[in-house]
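Work through the exercises below with the coordinates open. Each task is followed by a solution in steps.

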Amino acid sequence: SVESGAWYAASASGRVSGPGFVSIRVSWYASSDAAGSQMAQAESNVSSSSSWTSLATGPVRAPDGANSARV
């Protein structure tokens with residue numbers, strides 16, 4: 001659950017094994033259970049490193065009407 005208009009942040013560590021990229025994403029939903037179509041999304045920095053790298057969205061505001069989020 002999230003509060004519409006409140007500020008949130010997500011962070012994690014990630015690494016890549018082989019070709020590709022890693023990031024984290026917060027997807028916002030109007031539903032109370034993060035189901036249905038997403039309203040908006042926020043993406044962290046992107047890395048292609050095979051070493052563990054810090055990933056973070058920084059502060060992101062929940063859109064008006066958001067009731068849940070998925071990271």
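**Exercise 1.** In this predicted model, decide whether Tyr-8 is buried, partly exposed or exposed, then characterise the aromatic pair found by a search of the whole structure.

Solution.
- Step 1. The relative accessible area of Tyr-8 is 29%. Buried requires under 20% and exposed over 50%, so Tyr-8 is partly exposed.
- Step 2. The search returns one aromatic pair. Tyr-8 and Trp-28 form this pair, with 5.9 Å from centre to centre and 55° between the planes.
- Step 3. Planes under 30 degrees apart count as stacked and those over 60 as edge-to-face; the pair of Tyr-8 and Trp-28 is tilted.
- Step 4. Tyr-8 belongs to strand E1 (residues 7–8) and Trp-28 to strand E3, so the pair links distant parts of the chain, 20 residues apart.
- Step 5. Trp-28 has a relative accessible area of 3% and is buried.

**Exercise 2.** Find the salt bridges in the whole structure and assign the accessibility of Arg-25, Glu-43, Asp-64 and Arg-61.

Solution.
- Step 1. The search gives two salt bridges.
- Step 2. One joins the side chains of Arg-25 and Glu-43, at 2.9 Å from N to O. Arg-25 lies in strand E3 (residues 25–29) and Glu-43 in strand E4 (residues 38–43), so this salt bridge ties together parts that are 18 residues apart in sequence.
- Step 3. Both partners are partly exposed: Arg-25 at 39% relative accessibility, Glu-43 at 36%.
- Step 4. Another salt bridge is formed by Asp-64 and Arg-61, whose closest N and O atoms are 3.2 Å apart.
- Step 5. Asp-64, at 56% relative accessibility, counts as exposed, whereas Arg-61, at 40%, is partly exposed.

**Exercise 3.** Which strands form the open sheet, and in what order?

Solution.
- Step 1. The sheet consists of three strands in the order E4-E3-E7, with antiparallel pairing.
- Step 2. E4 and strand E7 (68–70) are the edge strands, since each pairs on one side only.
- Step 3. On average, neighbouring strands of this sheet are turned by 25° against each other, direction ignored.
- Step 4. Between E3 and E4, which run antiparallel, there are five bridges. Tyr-29 stands opposite Gln-38 in E4.

**Exercise 4.** Where is Ser-47 found, and which residues is it in contact with beyond its neighbours within four places in sequence?

Solution.
- Step 1. Ser-47 sits in the loop between E4 and strand E5 (53–56).
- Step 2. Its relative accessible area of 7% makes Ser-47 buried.
- Step 3. Apart from neighbours within four places in sequence, the contacts of Ser-47 are Val-16, Gly-20, Phe-21, Val-22, Thr-53 and Leu-55.
- Step 4. A polar atom of the Ser-47 side chain lies 3.1 Å from the backbone nitrogen of Ser-49.

**Exercise 5.** Decide whether Ala-62 is buried or exposed, and list what it touches when residues up to four places away in sequence are not counted.

Solution.
- Step 1. Ala-62 is located in the loop between strand E6 (60–61) and E7.
- Step 2. With a relative accessible area of 0%, Ala-62 is buried.
- Step 3. Not counting residues up to four places away in sequence, Ala-62 touches Glu-3, Ser-4, Gly-5, Ala-6, Tyr-8 and Trp-28. Tyr-8 and Trp-28 are also the partners of the aromatic pair.
- Step 4. The C-alpha atoms of Ala-62 and Ser-1 are separated by 11 Å, although these residues are 61 residues apart along the chain.

Conventions
Residues numbered from 1 in each chain as written. Predicted model: local features only at pLDDT ≥ 70, side-chain atom pairs only at ≥ 80, totals over all residues. Heavy atoms only, no water. Salt bridge = Lys/Arg side-chain N within 4 Å of Asp/Glu carboxyl O. Helix = DSSP H or I, 4+ residues; strand = E, 2+ residues; numbered from the N terminus. Buried < 20%, exposed > 50% of the residue type's maximum accessible area, 1.4 Å probe, protein only. Phe/Tyr/Trp six-rings, centres within 6.5 Å; stacked < 30°, edge-to-face > 60°. Pairing = 2+ DSSP bridges. Axes fitted to C-alpha atoms, helices over the stretch in contact; angles between N-to-C directions. Polar contact = N/O pair within 3.5 Å; in protein donor to acceptor, adjacent residues only side chain to side chain. Contact = heavy atoms within 4.5 Å.
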